[in-house]
Amino acid sequence: MQSADGAITIFRHIYPSFYIKSAREIEGIRVIKFVNDDNEYIYFIQTPNGTEMSLDTESGEKREVKVNDKKALLTQKGDKNILIWNNEEFSFHMTSNLDEKKLIFIAESLEKK
């Protein structure tokens, strides 16, 4: 997806069966929903660092994990996993019904082109 600044967010390792169901960008906040025919989904949000967001992680099991050797927060809540991490420029949030290993693998393949 191309943003207003011309940058394109891609995942090198999103499974071939996923396609973009919806995508939008409002005031620098990028939201993309990926789905496949097996009822799996990835809901991806990218915001500039410092943007306030409200995420529903209450009553979930939280633990620290690594995404590209940086600290990240993984919350398991019901049948979904919520992964939150950041780099120098952006904060990222992925919610999915994929298992945590697949979700982290996909998160680590995020690129800005």
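Of the 113 residues in the protein, 36% count as buried; the model behind this and every other value here is a predicted one. On the outside, the protein exposes about 6800 Å², with carbon and sulfur atoms supplying 47% of that area. As for how the chain meets itself, take the contacts with a separation of 6 or more: 40% of them come from residues 24 or more positions apart.

In terms of secondary structure, there are nine strands and one helix. Reading along the sequence gives β-β-β-β-β-β-β-β-α-β, with the helix sitting between the eighth strand and the last one.

Next comes the sheet. Seven strands build it, laid out in the order β2-β3-β4-β8-β7-β6-β5, and it is an open sheet with antiparallel pairing. The edges belong to β2 (19–26) and β5 (61–67); each has a single partner strand, so one side of each goes without a neighbour in the sheet. On average, and ignoring direction, neighbouring strands here are turned by 15° against each other.

Zooming in on one pair, β6 (residues 70–77) runs antiparallel to β7 (residues 80–86), and five bridges link the two. One residue to look up in the viewer is L73, whose bridge partner in β7 is I84.

That leaves the helix. α1 (residues 100–107) packs on the sheet and touches β4 (41–48), β5, β6, β7 and β8 (90–96). Relative to β7, the direction of α1 makes an angle of about 30°.

Conventions. Residues are numbered from 1 along each chain as its sequence is written. This is a predicted model: local features need pLDDT of at least 70, side-chain atom pairs count only at pLDDT 80 or more; totals for chains, interfaces and linings use all residues. Side-chain values use heavy atoms; hydrogens and water are left out. Helices (H or I, at least four residues) and strands (E, at least two) are DSSP runs, numbered from the N terminus. Buried means under 20% relative accessible area, exposed over 50%, partly exposed in between (1.4 Å probe, protein chains only). Contact means heavy atoms within 4.5 Å. Accessible areas come from the Shrake-Rupley method with a 1.4 Å probe; for residues, only the protein chains shown count as cover. Two strands pair if DSSP finds at least two bridges between them. Axes are lines fitted to C-alpha atoms, for helices over the stretch in contact, and angles run from 0 to 180 degrees between N-to-C directions.
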